[in-house]
Amino acid sequence: MTVRIRWQEPLCTALLATTMIGTCQASAAAQPAPGSDGYVHVSPDGTVLGPDSYYPKDGNGGYDVDKYSLALDYAPYSMLLSGKATITATATQDLSRFDLDLRGLTVRSVSVDGVAATFRRVGEHELVITPKTPLAAGKRFTVVVGYDGRPEPLTTARGRVGWLATSGDSAVATGQPRSAMTWFPVNGTEVDKATLRVSVTVLDEFAVLGNGFQVSDVPAGLGRHTVTWAEDTALAPSTAMLGIGRWEVERITLPGGRTAINAYHPCAVDKRKIGGRLPEVLEFLTGKFGDYPQSAAGGLFLDRSLGYTHGAQTRPVYSRAATMADLVYATAYQWWGAGVTGKMWRDTLMPESIAQYAVWLWDEAKNGVDLDRRYRETVTKVSEDPAFWAPKLTDPGKGAEFAPTTKAVLMVHALRRLIGDEAFFQIVSGFPAINPQGNQNWHDFELYVSAMTQRDLGEFNAAWLDGTVRPPDALLYPGR
């Protein structure tokens, strides 16, 4: 089988119209006042949903980013970062001021369309910018932010995310949620996807790895070089990554002749036996989910424990404890997560559930695992545990976005048994295909499943997605 890499986004089918799936920019009336923080979400039918319920101050209204272009200079021994971020955006309303998200670091200068702008820091991560001349709705503009400092990561229930550095060794930007704001100014909402180009100047002994493709590697004075990476497919801020270290880089051939790039910390080279199986995993998942939706592939294998695998777009980041299951999950995330992404953080488990279930599919096909038996055994273990069933998959709670993952995977298997394999695999391949690099929420997914199956799944959704107790046996063991 040939792994077909999708180079152009396909047109959405008519099903989009019939199920009202899609994103919708907030109208001028629904947008926050210019300069206020917190991206306002609006449903396709015009209903104002408000800011993200978990992180209401993340993201900003009034503009859409087209491209981030970062020029970074990193000193590995002092762990100091100097940066110039050039952000190209389009105003979606008249703007007398606007915000970007940047946590920590010192902002030295800001200009808008080449003219110095005034700026101030507000709260934990707001950079409020007032251009000399207000921006009219529809105007395309460029912001340049000069900044420096020692980036600090964020602590989450899963582990530390954002900029992780060790003096004299590697510096890695990874993890989710909210990781991007720790190392560059960003519109920190998942629905404002943009392209990313990163140039890093560092000592010659250090290699650089980023999203997408390496564009160049040129000398930058005595003992230093500048490496540039570019991802020309718009990505969500949480799927951005960067790795600076003494990586051992390996290029492997994918089915069809394309090349993937893996990189390993010198203390993680034993992970080559996992990374080297990427072509096999891609071929398998292409058979389940359809054409590979990204323009590049590969991964970064670290020597440190993270507590998670980061499915960064085109280049996932793996911890020291990575297994084949992590490789399968992170590769599946390129369809379900980096490809079709949630709208708010409460929607995290919508794509996450399918990406995690891909590991079950792999075990079924490659390891001969009886998934019905695995499902029954798992349910038996947690059947009488109220805490396991308590989180809503549609709204697990701030800081617990990824916590009920096992419950979410059980839901996917129950759904598969309820609707049958033919409909199930049409759905897991069709939903990303009609939403290439798009944002969807649980409601969109429910509408799509109902449309594809022509069934009323209200009871199943109420019990599994919104339920806080063990589903009844008829929905726990559908078709039994």
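**Exercise 1. Trp247**

Decide whether Trp247 is buried or exposed in this predicted model, and state which residues Trp247 touches.

*Solution.* Step 1: the relative accessibility of Trp247 is 8%. Step 2: the cut-off for a buried residue is under 20% relative accessible area. Trp247 therefore counts as buried.
Step 3: place the residue in the chain. Trp247 lies in the loop between S18 and strand S19 (248–253).
Step 4: list the contacts, leaving out residues up to four places away in sequence. Trp247 touches Ser170, Val172, Ala207, Val208 and Leu209, and also Ala263, Tyr264, His265, Leu300 and Leu302.
Step 5: compare sequence and space for one pair. Glu205 and Trp247 are 42 residues apart in sequence, while their C-alpha atoms are 9.4 Å apart.

**Exercise 2. The sheet that contains S18**

Find the strand order of the open sheet of five strands, and state which residues in S18 are the bridge partners of Val172, Ala171 and Ala207.

*Solution.* Step 1: the order is S11-S12-S13-S18-S15, and the pairing is antiparallel. Strand S11 (154–155) and strand S15 (207–210) are the edges, each pairing on one side only.
Step 2: take the S13 side of S18. Strand S13 (residues 171–174) and strand S18 (residues 242–245) run antiparallel and are joined by three bridges. Val172 is partnered with Gly243, and Ala171 with Ile244.
Step 3: take the S15 side. Four bridges link S15 and S18, again in the antiparallel sense. Here Ala207 has Gly245 as its partner.
Step 4: check the faces of S18. Leu242 and Ile244 are buried on one side, and Gly243 and Gly245 are buried on the other, so that both faces are covered.

**Exercise 3. The sheet of eight strands**

State which strands form the edges of the open sheet of eight strands, and how many bridges join S4 to S10.

*Solution.* Step 1: the strands follow the order S7-S6-S10-S4-S3-S14-S17-S16, with mixed pairing. The edges are strand S7 (115–116) and strand S16 (213–219), each of which pairs on one side only.
Step 2: strand S4 (residues 80–91) and strand S10 (residues 140–149) are antiparallel, with 10 bridges between them. One of the partner pairs is Ala85 and Val145.

**Exercise 4. H4 against H5**

Classify the arrangement of H4 and H5 from the angle between their axes.

*Solution.* Step 1: the axes of helix H4 (residues 324–332) and helix H5 (residues 349–366) come within 8 Å and cross at roughly 135°.
Step 2: angles over 145 degrees count as roughly antiparallel, and 65 to 115 as roughly perpendicular. The two helices are therefore oblique to each other. The crossing is right-handed.
Step 3: identify the residues that meet. H4 contributes Met324, Ala325, Val328, Tyr329 and Ala332; H5 contributes Glu352, Ala355, Gln356, Ala358, Val359 and Trp362.

**Exercise 5. Spans of H8 and H9**

Compare the end-to-end C-alpha distances of H8 and H9 with the spans expected at 1.5 Å a residue.

*Solution.* Step 1: helix H8 (residues 405–419) has 15 residues and reaches 21 Å, close to the expected 21 Å. Of its 15 residues, 13 are buried.
Step 2: Gly420, just after H8, has a positive phi of about 90°.
Step 3: helix H9 (residues 421–434) has 14 residues, which should span 20 Å; the end C-alpha atoms are 20 Å apart, so the two values agree. Buried residues of H9 include Phe424, Phe425, Ile427, Val428 and Phe431.

Conventions:
Residues numbered from 1 in each chain as written. Predicted model: local features only at pLDDT ≥ 70, side-chain atom pairs only at ≥ 80, totals over all residues. Heavy atoms only, no water. Pairing = 2+ DSSP bridges. Buried < 20%, exposed > 50% of the residue type's maximum accessible area, 1.4 Å probe, protein only. Expected span 1.5 Å × (residues − 1). Axes fitted to C-alpha atoms, helices over the stretch in contact; angles between N-to-C directions. Parallel < 35°, antiparallel > 145°, perpendicular 65-115°, else oblique. Left-handed = near helix turned anticlockwise from the far one by under 90°. Contact = heavy atoms within 4.5 Å.
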